[in-house]
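Visitor: I would like to learn how to read the surface of a protein model. Could you walk me through it?

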Amino acid sequence: MIEVIMKGYAILLGLVVLLNAGAWLRFDGKLWYLIYEFISMGYFIFLIFAYYSEMLSAALPLWSLLPVVVFIGADIWFTTRQDMKQLCPGIPDEEMPEGAIDTAMALSVVFNGPAYVLACIFLFEKIFNLSN
């Protein structure tokens with residue numbers, strides 16, 4: 001049951017990334033950050049499907065899971081240390097109520113949380129299985 005839920009979540013995550021890309025382009029967001037988002041979230045979506053596929057899970061070497069740490073660290077840095085007005089200068093101040101950007105960033109972390117947790121579990125399981 002959890003497998004079906006997580007695969008549905010992965011599909012929903014992909015749709016959200018596509019919708020975010022449209023908004024990002026509308027507000028003149030930095031192209032490099034949009035590319036990073038596609039690579040990062042695409043990687044996490046792939047890991048969700050790989051985790052629930054016995055063949056793919058067994059075929060992935062440990063080194064292919066090491067970007068988990070980098071991507072989670074970068075996502076934390078972007079959501080806590082970056083000013084969204086620098087990443088997306090086209091966001092009009094009059095369209096955004098007070099605190100809307102902070103709320104959107106917090107919701108992003110909460111929404112991405114299951115993907116982060118599953119990727120960390122996958123990484124730790126690979127490390128544990130290699131140490132036996």
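Visitor: Which residues form a nonpolar patch on the surface?

Guide: A patch gathers residues with over 30% relative accessible area and no salt bridge (a side-chain nitrogen of Lys or Arg within 4 Å of a carboxyl oxygen of Asp or Glu). Like charges are joined within 9 Å, and nonpolar side chains (Val, Leu, Ile, Met, Phe, Trp, Tyr) within 5 Å. Here the patch consists of Ile-11, Leu-12, Leu-15, Leu-18, Phe-38 and Phe-49, together offering about 550 Å² of accessible area (Shrake-Rupley method, 1.4 Å probe, with only the protein chains shown as cover for residues). H1 and helix H2 (31–51) each give two or more of these residues, and H1 gives the most, with four. Please remember that this is a predicted model: local features need pLDDT of at least 70, side-chain atom pairs count only at pLDDT 80 or more, and totals for chains, interfaces and linings use all residues. Residues are numbered from 1 along each chain as its sequence is written, and side-chain values use heavy atoms, without hydrogens and water.

Visitor: Why does Leu-15 count as partly exposed?

Guide: Buried means under 20% relative accessible area, exposed over 50%, and partly exposed in between (1.4 Å probe, protein chains only). Leu-15, found in helix H1, counts as partly exposed because its relative accessibility is 48%.

Visitor: Which residues of H1 are buried?

Guide: An α-helix has 3.6 residues a turn, so residues three or four places apart point the same way. In H1 the buried residues are Met-6, Tyr-9, Ala-10, Leu-13, Gly-14, Val-17, Ala-21 and Trp-24.
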